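Hi,

Here is the structure I said I would pass on. Have a look at it first, and then read my notes underneath.

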Amino acid sequence: MQARSFKVTIVMTQSSRPMRYIFTMKRAHTALLFLILGIVLVPAVGWLYLHFGHPPVAVADPMLPGEEQIARSALLARVDEERPRNNPVPINEATLQEGASIYMSECAFCHGVPAIQSSVGVNTFPKTPQFFRRHATGSRPPDLADRAASYHWFVENGVRLTAMPSFKHVLTDREQWEVANLLAMSETPLPESVKKVLAGSTD
Ligand code: HEC
């Protein structure tokens, strides 16, 4: 196909009005021009913003518009899709106690204990959800087994670009389930012996 250049039609009127230029462009040319502008301009503006603007980087900086919604919905969709379905740990007093001692050594530092919120956790971005009290984040399916499975996903995989670590290589799968079961029960009344562990008692 033959490449065509812009066709410029110059119309000179007989009257005293100034010369009128009428530019006619084929639609394909217009589209191409905008495409090139888009390819060049959009990254250029992004680069300028990152270098000279003030993108939010500190914990206390305001969120970008839609930041939380975009990150949160992608995360929760992934958790719902991938949560494991083979919980090998029955929920009973003994296994909840095991979960509670893992929680105290690995998680309480950020996620707090029933009596005290973590001063570290409330100062991370995003904030670390404080368990054993209502909090707004997370995948919280109404069914207990699904809830434990969702929490297992978080423990195993962690959450990228947040303080939440992956415990895949830190805890055994059984230990991950024990602590996930505990958290799935964390908004319901727990046995006294489990509450004692969560209060820091070692006997
Ligand atoms: C260094 C801090 C830190 C430690 C230690 C930590 N977490 Fe987290 N955790 C986070 C943060 C931050 C989030 C929020 C991530 C987000 O906003 O998506 C989180 C999210 C979660 C969630 C998602 C639940 C919800 O309601 O949003 C679960 C479940 C969880 N953590 C379990 C654990 C368990 C179990 C342990 C210990 C084995 C643990 N975490 C240790 C910081 C931590």
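Below is what I found, going from the overall fold to the ligand, the helix packing and two single residues.

Before anything else, keep in mind that this is a predicted model.

**The fold**

The protein has seven helices and two strands. Starting from the N terminus, the order is β-β-α-α-α-α-α-α-α, with both strands ahead of the helices. There are 203 residues, and 19% of them count as buried. Taking the contacts with a separation of 6 or more, 60% are between residues 24 or more positions apart.

**Around the ligand**

How many residues surround the ligand, and which are the closest? The count is 24, and the closest are Cys-107, Cys-110, Gly-138, Phe-154 and Met-164. Helix H4 (108–111), helix H5 (144–157) and helix H6 (173–184) are the elements that each give two or more residues to this shell. By class, the shell has 16 nonpolar residues, seven polar ones and one charged.

**H5 against H6**

Two of those helices also pack on each other. The axes of H5 and H6 come within 8 Å and cross at roughly 130°, so H5 counts as oblique to H6. The crossing of H5 past H6 is right-handed. On the H5 side, the residues in contact are Leu-144, Arg-147, Ala-148, Tyr-151, His-152, Val-155 and Glu-156. They meet Gln-176, Trp-177, Val-179, Ala-180, Asn-181, Leu-183 and Ala-184 of H6. This contact is made up of nine nonpolar, three polar and two charged residues.

**H3 against H6**

H6 has a second partner to look at. Helix H3 (residues 93–106) packs with H6 at an angle of about 95°, the axes being 8 Å apart, which means that H3 is roughly perpendicular to H6. From H3, Thr-95, Leu-96, Glu-98, Gly-99, Ala-100, Ile-102 and Tyr-103 take part, and they meet Glu-175, Glu-178, Val-179, Asn-181 and Leu-182 in H6. Here the split is six nonpolar, three polar and three charged residues. If you want to check the two interfaces against each other, Val-179 and Asn-181 are listed in the contact with H5 and also in the one with H3.

**Two residues to click on**

Start with Gln-176, which sits in helix H6. Is Gln-176 buried or exposed? Gln-176 is buried, because 23 other C-beta atoms lie within 10 Å and 20 or more is the cut-off for that class. Setting aside neighbours within four places in sequence, Gln-176 is in contact with His-152, Val-155, Glu-156, Phe-167 and Leu-171. His-152, Val-155 and Glu-156 are among the H5 residues that meet H6. The C-alpha atoms of Gln-176 and Gly-99 are separated by 8.2 Å, although the two are 77 residues apart along the chain. Gly-99 is one of the H3 residues in the contact with H6.

The other one is Ser-139, in the loop between H4 and H5. Ser-139 counts as partly exposed, because there are 19 C-beta neighbours inside 10 Å. Not counting residues up to four places away in sequence, Ser-139 touches Leu-76, Val-79, Asp-80 and Ser-150. With Leu-76, the C-alpha separation is 6.0 Å, and the pair lies 63 residues apart along the chain.

That's everything from my side for now.

Cheers

Definitions and conventions:
Residues numbered from 1 in each chain as written. Predicted model: local features only at pLDDT ≥ 70, side-chain atom pairs only at ≥ 80, totals over all residues. Near = placed C-beta within 6 Å. Helix = DSSP H or I, 4+ residues; strand = E, 2+ residues; numbered from the N terminus. Nonpolar A, V, L, I, M, F, W, Y, C, P; charged D, E, K, R; others polar. Axes fitted to C-alpha atoms, helices over the stretch in contact; angles between N-to-C directions. Parallel < 35°, antiparallel > 145°, perpendicular 65-115°, else oblique. Left-handed = near helix turned anticlockwise from the far one by under 90°. Contact = placed C-beta atoms within 7 Å. Buried ≥ 20, exposed ≤ 12 C-beta atoms within 10 Å, placed from the backbone.
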